[in-house]
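Subject: Handover of the structure and notes on it

Dear colleague,

I am passing on the structure we spoke about, with the sequence alongside, and below it you will find my notes on what turned up when I went through it. Please read them with the coordinates open.

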Amino acid sequence: MADAVEPKGYVVPGMTYRDAPAAIDWLCDVLGFERRLVVPNGEGGIAHAQLTLGNGMVMLGSARMDDPGAIVFPPEPGGRLTQANLVVVSDIEAHYERVKAAGANIVMEIQEQFYGGSLFAVRDPEGQLWHIGSYDPWAG
């Protein structure tokens, strides 16, 4: 097995949610993220949150219509999402069972992928798409 490639930078997805506290609970309870930093906005929402899973991270906060930098909905094409997050896990079967037991909306059952590993897909309560896979793109 080839050594993992050391990345020259990091990509940390940033997301907004209508109900960020509920999204944080779902991401932690269902997908297994851990709260690294959660900063309430003083109005029942979240000003900024950092959630980790292994060495990966997502940042998120509450959607604010007065923030020109916040994109609440993706631009059209046809109202479809234009991105999805990939969460790489070592035991995809156990992760699948965890997600299924939580009653999450699984939109693609576990499938072997032609490039290696397995993958399934789930939507969070606000419709964001999360792929859960066993293929590590850094491993070569």
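In this predicted model, Asp124 sits in the loop that runs between β7 (118-123) and β8 (129-133). Asp124 is a buried residue that nevertheless takes part in no salt bridge, and the nearest side chain of opposite charge, that of Arg123, lies 7.5 Å away. Because a salt bridge here requires a nitrogen of Lys or Arg within 4 Å of a carboxyl oxygen, the 7.5 Å to Arg123 does not qualify. What the side chain of Asp124 does have is a polar contact of 2.5 Å with the side chain of Tyr17. Leaving aside residues up to four places away in sequence, Asp124 touches Tyr17, Trp26 and Trp130.

Tyr17 leads on to the sheet, since Tyr17 stands opposite Ser62 in β4. The strands β1 and β4 pair in the parallel sense, over four bridges, and they belong to an open sheet of four strands in the order β1-β4-β3-β2, with mixed pairing. The edge strands of this sheet are β1 (14-17) and β2 (34-40), each of which pairs on one side only, and the twist from one strand to the next averages 20°. Helix α1, residues 20-29, packs on the sheet and touches β1, β2, β3 and β4 (56-62), while its direction makes about 5° with that of β3.

The other two pairings in the order above are antiparallel: β3 and β4 are joined in that sense over five bridges, and β2 pairs with strand β3 (residues 46-53) in that sense over six bridges. Within the first of these pairs, Leu53 stands opposite Gly56 in β4, and the two strands form a hairpin with two residues between them, where Gly54 in the turn has a positive phi of about 60°. In the pair of β2 and β3, Pro40 stands opposite Ile46 in β3.

Which residues does Val39 touch, not counting those up to four places away in sequence? They are Ile46, Ala47 and His48, and Val39 itself has its place in strand β2. The C-alpha atoms of Val39 and Ala49 are separated by 6.0 Å, although these residues are ten residues apart along the chain. Val39 counts as partly exposed because its relative accessible area is 33%, which falls between the limits of 20% for buried and 50% for exposed.

Turning to charged pairs, the count comes to two salt bridges. As a general point, side chains of opposite charge can pair when their charged atoms come close.

One of the two joins the side chains of Glu126 and Arg18, at 3.6 Å from N to O. This pair links distant parts of the chain, with Glu126 in the loop between β7 and β8 and Arg18 in the loop between β1 and α1, 108 residues apart. Glu126 is partly exposed, since its relative accessible area is 25%, whereas Arg18 counts as exposed because its relative accessibility reaches 51%.

The side chains of Arg35 and Asp25 also meet in a salt bridge, at 2.6 Å from N to O. Here, too, the pair links distant parts of the chain, in this case Arg35 in strand β2 and Asp25 in helix α1, which are ten residues apart. Arg35 counts as partly exposed because its relative accessibility is 45%, and Asp25 is likewise partly exposed, given a relative accessible area of 37%.

Finally, for the chain as a whole, there are two helices and eight strands, and from the N terminus on these elements run β-α-β-β-β-β-α-β-β-β. Of the 140 residues, 31% count as buried. Among contacts between residues at least 6 apart in sequence, 48% join residues at least 24 apart.

With best regards

Technical notes: Residues are numbered from 1 along each chain as its sequence is written. This is a predicted model: local features need pLDDT of at least 70, side-chain atom pairs count only at pLDDT 80 or more; totals for chains, interfaces and linings use all residues. Side-chain values use heavy atoms; hydrogens and water are left out. Two strands pair if DSSP finds at least two bridges between them. Axes are lines fitted to C-alpha atoms, for helices over the stretch in contact, and angles run from 0 to 180 degrees between N-to-C directions. Contact means heavy atoms within 4.5 Å. Buried means under 20% relative accessible area, exposed over 50%, partly exposed in between (1.4 Å probe, protein chains only). Lys and Arg count as positive and Asp and Glu as negative; His and the chain ends are not counted. A polar contact is a pair of N or O atoms within 3.5 Å; within protein, one must be able to donate a hydrogen and the other to accept it, and residues adjacent in sequence count only if both atoms are side-chain atoms.
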